[in-house]
Amino acid sequence: MNVRTLCLAILGCGDSTGYEIRKLVSDGHFSHFVDASFGSIYPALTRMENEELVVSREEKQNGKPNRKVYSITDAGREEFLVALSKPAQKDIFKSEFLLLAMCAELMEPAHVKRALDMQIDYLKAELTTIDNAVEEVQLRGADWVGDYGRSCLRAGLNYIEANRQSLEAIAGTGLETNSPLIAAE
């Protein structure tokens with residue numbers, strides 16, 4: 001999936017400005033699907049408008065510049081449905097926390113404890129974010145997606161809470177050794 005498809009998905013839920021789309025992608029209920037920046041959203045909207053997949057209108061604002069509001073067209077809905085019919089790419093998961101955990105033996109025990117505490121807080125906050133986002137989305141599949149996200153987050157949270165002692169136990173054990181990561185050349 002790409003930025004173009006994500007913009008069509010958002011516009012399929014209702015009219016939006018480029019700024020509103022960016023907010024939904026960065027920290028809203030579309031933030032878990034595709035990374036998109038202002039630098040990619042606006043060119044995508046311009047291309048889609050040229051291809052008549054979206055239309056825009058200017059809305060006046062008191063004391064501010066006019067805002068450009070985008071709407072999806074029937075052709076845009078058709079393209080969106082075609083994009084949805086293509087196989088999804090594999091999920092991408094990257095975690096700085098997991099790098100810290102992998103190298104726990106090279107870290108001070110207090111730093112490992114702090115990293116674990118911060119990850120627990122992060123996972124709990126993400127659970128709250130999903131709960132709030134699911135209530136805002138008007139698609140019936142949003143409940144299923146929310147349940148899937150909650151399941152993944154809870155599994156991570158449960159694992160950390162049940163196994164944090166084993167990571168804390170190895171914290172700092174490699175600081176005095178000739179580990180290849182810290183050995184002098």
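Guide: A residue counts as buried under 20% relative accessible area, as exposed over 50%, and as partly exposed in between. The model is predicted.

Visitor: Take R57, then. Is R57 buried or exposed, or something in between?

Guide: R57 is partly exposed, because its relative accessibility of 34% falls between the two cut-offs.

Visitor: Which residue does R57 form a salt bridge with?

Guide: The partner of R57 is D15, and the closest N and O atoms are 3.1 Å apart. The pair links distant parts of the chain: R57 sits in strand β2, D15 in the loop between α1 and β1, and 42 residues separate them.

Visitor: And D15, buried, exposed or partly exposed?

Guide: D15 is partly exposed, at a relative accessible area of 42%.

Visitor: Which residues are linked with R57 and D15 in a network of salt bridges?

Guide: The network of salt bridges also takes in E20, E59 and R67, along with D15 and R57.

Visitor: How many salt bridges does the structure hold?

Guide: Twelve. One of them joins E79 to R4, where the closest N and O atoms are 2.6 Å apart. E79 belongs to helix α4 and R4 to helix α1, so this salt bridge ties together parts that are 75 residues apart in sequence.

Visitor: What are the relative accessibilities of E79 and R4?

Guide: E79 has 28% and counts as partly exposed. R4 has a relative accessible area of 19% and is buried. R4 makes the buried class because the cut-off is under 20%.

Visitor: What about E168, which residue does it form a salt bridge with?

Guide: E168 pairs with R164, with 3.0 Å between the closest N and O atoms. Both are in helix α7, residues 141-170, and they are four residues apart, so about one helical turn separates them. E168 is partly exposed at 28%, whereas R164 is buried at 14%.

Visitor: Back to α1. How many of its residues are buried?

Guide: Nine of the eleven residues in α1, which spans 3-13, are buried, and the helix is mostly covered. The buried ones are V3, R4, T5, L6, C7, L8, A9, I10 and L11.

Visitor: What covers the buried residues of α1?

Guide: The cover includes β1 (16-17), α2 (18-26), α3, β2, β3 and α4.

Visitor: What caps the N-terminal end of α1?

Guide: N2 does, with a side-chain oxygen 3.2 Å from the backbone nitrogen of R4. So R4 has a part in this cap through its backbone and in the salt bridge with E79, where a salt bridge means a side-chain nitrogen of Lys or Arg within 4 Å of a carboxyl oxygen of Asp or Glu.

Visitor: Which residue follows α1?

Guide: G14, with a positive phi near 155°.

Visitor: Which residue other than glycine has a positive phi near 60°?

Guide: E52. E52 lies in the loop between α3 (38-50) and β2 (54-61), and with a relative accessible area of 59% it is exposed.

Visitor: What touches E52, then, on the T73 side?

Guide: T73 touches E52, L53, V54 and V55, leaving out residues up to four places away in sequence. T73 is placed in the loop between β3 (64-72) and α4 (74-85). Unlike E52, which is exposed, T73 is buried, at 16%.

Visitor: New topic, L45. Where does it lie, and is it buried or exposed?

Guide: L45 is in helix α3 and is buried, with a relative accessible area of 0%.

Visitor: What is L45 in contact with?

Guide: Setting aside neighbours within four places in sequence, L45 is in contact with C7, L11, G18, I21, V54 and Y70. C7 and L11 are among the buried residues of α1, and V54 is also touched by T73.

Visitor: How far is L45 from E96?

Guide: They are 51 residues apart in sequence and 32 Å apart in space, C-alpha to C-alpha.

Visitor: Last one, the surface. Which residues make the nonpolar patch?

Guide: F33, W144, V145 and Y148 make a nonpolar surface patch of about 460 Å². Y148 is found in helix α7, the helix that also holds E168 and R164. At 45% relative accessibility, Y148 counts as partly exposed.

Key
Residues numbered from 1 in each chain as written. Predicted model: local features only at pLDDT ≥ 70, side-chain atom pairs only at ≥ 80, totals over all residues. Heavy atoms only, no water. Helix = DSSP H or I, 4+ residues; strand = E, 2+ residues; numbered from the N terminus. Buried < 20%, exposed > 50% of the residue type's maximum accessible area, 1.4 Å probe, protein only. Contact = heavy atoms within 4.5 Å. Polar contact = N/O pair within 3.5 Å; in protein donor to acceptor, adjacent residues only side chain to side chain. Patch = residues over 30% accessible without salt bridge, like charges linked within 9 Å, V, L, I, M, F, W, Y side chains within 5 Å. Areas by Shrake-Rupley, 256 points an atom, 1.4 Å probe, with all protein chains shown as cover.
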